[in-house]
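Visitor: Please take a close look at one part of this model, starting with a single position and its backbone. Then work outward until that part has a place in the whole.

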Amino acid sequence: MSSISYLNGTFMPASEARISPLDRGFIFGDGIYEAIPAYSGKLFRLDEHLQRLADNLAAVRIKQPLTTDEWKQVLNEMISRNQATHGSEQSIYLQVTRGVAERDHGFPDSNVEPTLFIMSAPLKSLPESIATEGVAAITHEDIRWKNCHIKSTSLLGNILLRQQAYDDGAVEAILIRDGEITEGAASNLFALIDGILITPPKGPLLLPGITRDLILELAQQHKIASCEAFITPTQLKGAEEIWLTSSTKEILPVTTLDGIAVGNGKPGKAWKQMSQHYQHYKQQLRDA
Ligand SMILES: Cc1ncc(COP(=O)(O)O)c(C=O)c1O
């Protein structure tokens, strides 16, 4: 049985989904996306993901294709239709593009409908080595545009940066713009500096990550000192711990930065503690 996807109002086997090559998502990368994990069939922070999607669609003036209730109904149906092949832990990907129109940089007529595509994949469990060894990261100049708060499908900058990390034997590139750390190529960043958990403040230069917000909430709930503040590359180099966060990779402890050990070169105590809180949060969601 093949994976089921959803295209413009119809559920269908993913292998049968077709779009026009004139779709502006294909031609220009003119679209917005979200990636949402589901644990025991429950979508992680669904309201927050749908709110970010709505904000992003409004920011780039793409029509909202569904109401909030319709989104919830369709996404939950995606999970149940894929349950037999993928199980109940799934990764849902959705994207909305500006639709199909003759190629022109300017927006098409207002009667052009957005294209909505949703797919599901089994949620990959994270390798055990993360907890024992952590991961390697590099630093790199942030070569992306200046609207990184928009979760756009135009990801060429992010792709080149992530590939540079892979080419250098690392899993992520940590980005520097004008002397400050912004985020990873597909993750947000936290650093433990002098015992305080710090993440760069929201703004146009980084994505307002859903996982980032949850970690700040968990820190507050468990009385872990934390704040939102700018971090320089020099401060990052001296950090006791560095973490990268995203909905699918959760919290990755960075144990090597540009080939040099972070702290003692192993996942740190603060990471272990936050990781437990995070797993507990996921379990509560499963049990809800
Ligand atoms: C550039 C970027 N920053 C941060 C994140 C983390 O966001 P979230 O926690 O909402 O998955 C992502 C996720 O893909 C991303 O692409």
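**A buried position and its setting**

Guide: Glu250 counts as buried, because 20 other C-beta atoms lie inside 10 Å and the cut-off is 20 or more. The model is a predicted one, and that applies to everything that follows. Glu250 belongs to strand 14, which covers residues 250–257. The backbone there has a phi near 60°, a positive value in a residue that is not glycine. Most residues other than glycine have a negative phi.

Ser40 also has a positive phi, near 45°, without being a glycine. Its surroundings are described by a count of 14 other C-beta atoms within 10 Å, so Ser40 is partly exposed; that class lies between the limit of 12 or fewer for exposed and 20 or more for buried. Ser40 sits in the loop that links strand 3 to strand 4 (42–43).

Strand 3 leads on to the domains. The chain splits into domain 1 (4–122) and domain 2 (129–287), with 26 Å between their centres, taken over C-alpha atoms. Domain 1 puts 22 residues into the contact and domain 2 puts in 14. On the side of domain 1 that touches domain 2, at least two residues each come from strand 3 (31–39), helix 2 (46–60) and strand 5 (90–97). Strand 3 gives the most, eight residues. By type, this side of domain 1 has nine nonpolar, eight polar and five charged residues.

The ligand is surrounded by 14 residues, the closest being Leu207, Gly209, Ile210, Thr211 and Ser247. Two elements, helix 6 (210–221) and strand 13 (241–246), give two or more residues to this shell. Helix 6 has the largest share, three residues. The shell is made up of four nonpolar, eight polar and two charged residues.

As for the whole chain, the secondary structure amounts to eight helices and 15 strands. The C-alpha atoms fill a box of roughly 55 × 45 × 35 Å along the principal axes. The radius of gyration is 20 Å, which agrees with the value near 19 Å for a compact globule of 288 residues. Buried residues make up 36% of the 288, and Glu250 is one that counts as buried. Among contacts with a separation of 6 or more, 68% join residues 24 or more positions apart.

Terms used
Residues are numbered from 1 along each chain as its sequence is written. This is a predicted model: local features need pLDDT of at least 70, side-chain atom pairs count only at pLDDT 80 or more; totals for chains, interfaces and linings use all residues. Domain bounds come from an automatic or database domain assignment. Two residues are in contact if their C-beta atoms, placed from the backbone, lie within 7 Å. Helices (H or I, at least four residues) and strands (E, at least two) are DSSP runs, numbered from the N terminus. Ala, Val, Leu, Ile, Met, Phe, Trp, Tyr, Cys and Pro count as nonpolar, Asp, Glu, Lys and Arg as charged, and the others, Gly among them, as polar. A residue is near a molecule or strand if its C-beta atom, placed from the backbone, lies within 6 Å of it. The radius of gyration is taken over C-alpha atoms; the globule rule is 2.2 Å times the number of residues to the power 0.38.
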